[in-house]
Amino acid sequence: MQALPLSVFQRLPKTDLHVHLDGSMRLETVLDLARIQGIELPADDVAGLRAAMHIGENTGSLVRYLEAFDVTLEVLQTREALYRAAYELAHDAARENVRYMEVRYAPMLHTRQGLRLTAVVETVLKGLHDAEVDHGVVSRIIVCGIRNISPASSLEMAELVVAYKNRGVVGFDLAGAEDDHPAKEHQDAFQLVRQNNINVTIHAGEAYGPPSIAQALHICGAHRIGHGCRLREDGDLLHYVVDHRIPLECCPSSNVQTGAVASLDSHPMRLYFNLGSRVTVNTDNRLITDTTVSQEMHLMHTRMQFSLDDIKQVVLNGFKSAFMPFHEKRRFLEAISTELADFDPTAAADAAAANSSDVEEADAG
């Protein structure tokens, strides 16, 4: 059967539950902010900066992959920069029909020029809110602690989560270099969040094996797992995740680029789906990975043998796994289920082709 074009997946309704603010900027914006702020970057044009940051390249390790964040964080230390990054991320998501998104970042990494943590959170909330008004995408925030920074700093991030519960912050995450930085060292942060009935997701099973996932679930109380590529190495734990409907935030292209998975063809997402796991598909970092949710879906279709019906189920998994109140989730699911049932891939492809022709004619005119 002939593969469906990317345009079909661009028109599907979608979620993006695992997307980092500081890894999902527009490259042109990074350059512009650096110019405004007088910051010297490794290059002063798009092509040069793309090469210097290894955008879309297979870096071979998570630590090497994370080096690109040194560039983006350099320009994300002002209110104006944070607002712009948040607004543009939501706008970009809306343009590919993402309906709901959970943006994660660590506010403590944006205080080099004296911004208060509360200002960092409120500025990003404002940018996401304004983009929702203008473009219709619903966005919420997940605050991150960082594994390779002190547990005390993670506790401080957890306190922010509690302070902004029901004000746009919907969860707590632990990100950063996974190897040799166990999540259990940050238990105070997780305990505070769970005591306040707040959602937890943890990066686990990406650069370290199944024990990292077990620790995230059984010691830290994670409700979702970020990545989970190496879950397949422990069949018993894999079935526990399936049986307990624990969502997996899969980011296929990113996993290949960090060396967590050898290739898209060998990505375990297909196995997890076949076993009945609640897999979701996400970008991780739109800029650094050089991707969109639609592109990830197209790769699932062309490289991992996911049919359109399979991907529709993954779409529903995304909405089912969202950190939102049940009554909101039910409304989303009812509307999205109807839309998916009526979705015509041929009509979607034809509409995309017509839109492309209109654009070409307008450009020629």
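# Charged links, empty spaces and a one-sided helix

Arg26, Asp32, Arg35, Arg84, Glu88, Asp92 and Arg95 are joined up in a network of salt bridges. That's a good place to start exploring this structure, which is a predicted model. The whole structure holds 21 salt bridges, and we can zoom in on a few of them.

Take arginine 35 to begin with. Its salt bridge partner is aspartate 32, and the closest N and O atoms of the pair are 2.5 Å apart. Where do arginine 35 and aspartate 32 lie? Both sit in helix α2, which covers residues 27-37, and they are three residues apart, about one turn of the helix. Now look at how open each one is to its surroundings. Arginine 35 counts as exposed because its relative accessibility is 59%, and the cut-off for exposed is over 50%. Aspartate 32 has a relative accessible area of 21%, so it is partly exposed.

Another part of the network brings us to helix α6. Arginine 84 forms a salt bridge with glutamate 88, and here the closest N and O atoms are 3.0 Å apart. The two residues both lie in α6 (residues 79-95), four residues apart, about one turn of the helix. Is glutamate 88 buried or exposed? With 12% relative accessibility, glutamate 88 counts as buried, while arginine 84, at 25%, is partly exposed.

Here's one more salt bridge to find on the model. Glutamate 233 pairs up with arginine 230, with the closest N and O atoms 2.7 Å apart. Glutamate 233 is partly exposed at 47% relative accessibility, and arginine 230 is partly exposed at 28%.

Moving a little further along the chain, we get to helix α11, residues 235-243. Which residues of this helix are buried? They are Leu237, Leu238, Val241 and Val242. If you look down the axis of α11, these buried residues fall within an arc of 145°, so they line one face of the helix. Turn the helix around and you'll find the exposed residues Asp236 and Asp243 on the face turned away from the buried side.

Next, the cysteines. A disulfide is a covalent bond between the sulfur atoms of two cysteines. How many disulfides are there here? The count is zero. Cysteine 144 shows what that looks like up close: the nearest cysteine sulfur belongs to cysteine 251 and is 12 Å away. Since a disulfide needs the two sulfur atoms within 2.5 Å, cysteine 144 is in no disulfide. Cysteine 144 is also buried, with a relative accessible area of 2%. Cysteine 229 is in no disulfide either; for this residue the nearest cysteine sulfur is that of cysteine 250, 7.2 Å away. Cysteine 229 counts as buried too, at 2% relative accessibility.

Now let's turn from atoms to the gaps they leave. Rolling a probe the size of a water molecule over the atoms shows where empty space is left. One such space is the second largest pocket, which takes in about 450 Å³. Its lining is made up of 25 residues, and those nearest its centre are Leu66, Phe69, Leu109, Ile146 and Gly176. The elements that give two or more residues to this lining are α4 (62-65), α5 (69-75) and β3 (138-146). Sorted by class, the lining of the second largest pocket has 14 nonpolar, six polar and five charged residues.

There are also cavities to look at. How many cavities of 30 Å³ or more does the structure have? The count comes to two. The largest cavity holds about 40 Å³ of space. Its lining consists of Met53, His54, Glu57, Thr59, Arg64, Tyr65, Ala68, Gln257 and Ile288. Of these, four are nonpolar, three polar and two charged.

The second largest cavity has a volume of about 40 Å³. Around it you'll find Lys14, Thr15, Thr280, Val281, Val293, Met297, Val314, Val315 and Gly318. The elements giving two or more residues to this lining are β1 (14-20), β8 (279-281), α14 (293-303) and α15 (308-321). Which element gives the most to the lining of the second largest cavity? That would be α15, with three residues. By class, the lining of this cavity has five nonpolar, three polar and one charged residues.

Methods. Residues are numbered from 1 along each chain as its sequence is written. This is a predicted model: local features need pLDDT of at least 70, side-chain atom pairs count only at pLDDT 80 or more; totals for chains, interfaces and linings use all residues. Side-chain values use heavy atoms; hydrogens and water are left out. On a 1 Å grid over the protein atoms alone, a cavity is a set of points where a 1.4 Å probe fits but cannot get out, and a pocket is an open set with protein on both sides within 12 Å along at least five of seven lines; lining residues have an atom within 4 Å of a point. Grid points are joined across faces, edges and corners, and a volume is the space filled by probe spheres set on the points. Ala, Val, Leu, Ile, Met, Phe, Trp, Tyr, Cys and Pro count as nonpolar, Asp, Glu, Lys and Arg as charged, and the others, Gly among them, as polar. Buried means under 20% relative accessible area, exposed over 50%, partly exposed in between (1.4 Å probe, protein chains only). A salt bridge is a side-chain nitrogen of Lys or Arg within 4 Å of a carboxyl oxygen of Asp or Glu. The arc is that of the directions from the helix axis to the C-beta atoms.
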